[in-house]
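Me: Please take a close look at a single part of this model, and then work outward from there to the rest of the chain. I would like one connected account rather than a list.

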Amino acid sequence: DEPVQIATYCDSTGKAVAQKVRFKDKSFKFIGDTKAAGLYGQHLWRTGGQKLVITEGEIDAASVAQVVPATTGVCSVPNGAPSKVSQNKVTAEEDTKFHYLWTAKDVLEGVDEIILATDNDAAGQALKEEVARRSGRAKCKEISFPPDCKDLNEILVTHGGEALSEVIINAT
């Protein structure tokens, strides 16, 4: 199969450590050190930012990065959304599926506001819950979608950059 998207994951210093290759059927595989990879785009976070937008996919993160102020961090989870909320313990040692949140714990604790911009479907809702319980619900906000869009890139393509920016600004 020919890949339709390749996303390069870097560590916090900007060194490429893994690649995520996505195929037409939406399956993907990682090549490289996925434990070191963490959140997609973490090496691009601007210092001094008090807001962080976490998306479900790399394309969504790239879409948001086009419309938010330079002081807003943008990243994506590396492995998409779970099908349901886990009943497993939420500890670094036992929480392997969400290891990327534990490795970014200092950054998550250092921002005042986390905007959870996951897809507008059941899996996106589950991811939103999983990230909120690990990063602190009190600092989390969520976005509202236009009725004709299921993800952030679709908002950008369908309604334009101003509409996507408004979705982020109006997170509650």
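Reply: T71 lies in the loop between α2 and β5, and in this predicted model the residue is partly exposed, with a relative accessible area of 49%. That value falls under the 50% above which a residue would count as exposed, so T71 is placed in the intermediate class. Computed along the chain is one thing and across space another: T71 and K15 are 56 residues apart in sequence, and their C-alpha atoms are 22 Å apart in space.

The loop between α2 and β5 also holds Q66. At 59% relative accessibility, Q66 counts as exposed, since the class of exposed residues begins over 50%. The C-alpha atoms of Q66 and F145 are separated by 18 Å, and the two residues are 79 apart along the chain.

The helix that leads into this loop, α2, covers residues 58-65. Within α2, the buried residues are E58, D60, A61, S63 and V64, and the list therefore includes two acidic residues, E58 and D60, that are counted among the negative charges. What lies over the buried residues of α2 includes the strands β1, β2 (16-23), β4 (51-55) and β5 (72-76), together with the helices α6 (152-159) and α7 (161-169).

One residue of α7 shows this cover in detail. L164 has its place in helix α7 and, at 0% relative accessibility, counts as buried. Leaving aside residues up to four places away in sequence, L164 touches S63, V64 and V67, and also L152, I155 and L156. Of these partners, S63 and V64 are buried residues of α2, whereas L152, I155 and L156 fall within the range of α6, residues 152-159. L164 is thus in touch with residues of both helices. For a view of the wider chain, L164 and E129 are 35 residues apart in sequence and 22 Å apart in space, C-alpha to C-alpha.

Strand β1, one of the elements that cover α2, also takes part in the aromatic pairs. A search of the whole structure finds 4 such pairs. In one of them, Y9 and F30 meet edge-to-face, with 5.4 Å from centre to centre and 70° between the planes. Because Y9 lies in strand β1 (residues 3-10) and F30 in strand β3 (residues 28-32), the pair ties together parts that are 21 residues apart in sequence. The two partners are not equally covered: Y9 is buried, with a relative accessible area of 0%, while F30, at 26%, counts as partly exposed. F30 pairs with F28 as well, again edge-to-face, at 6.1 Å centre to centre and with 85° between the planes. F28 is itself partly exposed, at 32% relative accessibility. Together with Y40, the residues Y9, F28 and F30 form one aromatic cluster.

Just ahead of this cluster's β3 members, the loop between β2 and β3 holds K26. The phi angle of K26 is near 75°, a positive value in a residue other than glycine, and the residue counts as exposed, at 58% relative accessibility.

Set against the whole chain, these parts belong to a fold of 7 helices and 7 strands, which follow one another in the pattern β-β-β-α-β-α-β-α-α-β-α-β-α-α. The radius of gyration is 15 Å, close to the 16 Å that the globule rule gives for 172 residues, so the chain is as compact as a globular protein of that length. Along its principal axes the C-alpha trace spans about 40 × 40 × 35 Å. Buried residues make up 46% of the 172 residues. Among contacts between residues at least 6 apart in sequence, 55% join residues at least 24 apart. The surface that the chain exposes comes to about 8900 Å², of which carbon and sulfur atoms supply 51%. As for charge, the chain carries 20 positive and 25 negative charges, whose mean positions are 4 Å apart.

Technical notes
Residues are numbered from 1 along each chain as its sequence is written. This is a predicted model: local features need pLDDT of at least 70, side-chain atom pairs count only at pLDDT 80 or more; totals for chains, interfaces and linings use all residues. Side-chain values use heavy atoms; hydrogens and water are left out. Helices (H or I, at least four residues) and strands (E, at least two) are DSSP runs, numbered from the N terminus. The radius of gyration is taken over C-alpha atoms; the globule rule is 2.2 Å times the number of residues to the power 0.38. Buried means under 20% relative accessible area, exposed over 50%, partly exposed in between (1.4 Å probe, protein chains only). Contact means heavy atoms within 4.5 Å. Accessible areas come from the Shrake-Rupley method with a 1.4 Å probe; for residues, only the protein chains shown count as cover. The place of a charge is taken as NZ of Lys, CZ of Arg, CG of Asp or CD of Glu. Rings of Phe, Tyr and Trp (its six-membered ring) pair if their centres lie within 6.5 Å; planes under 30 degrees apart count as stacked, over 60 as edge-to-face and the rest as tilted.
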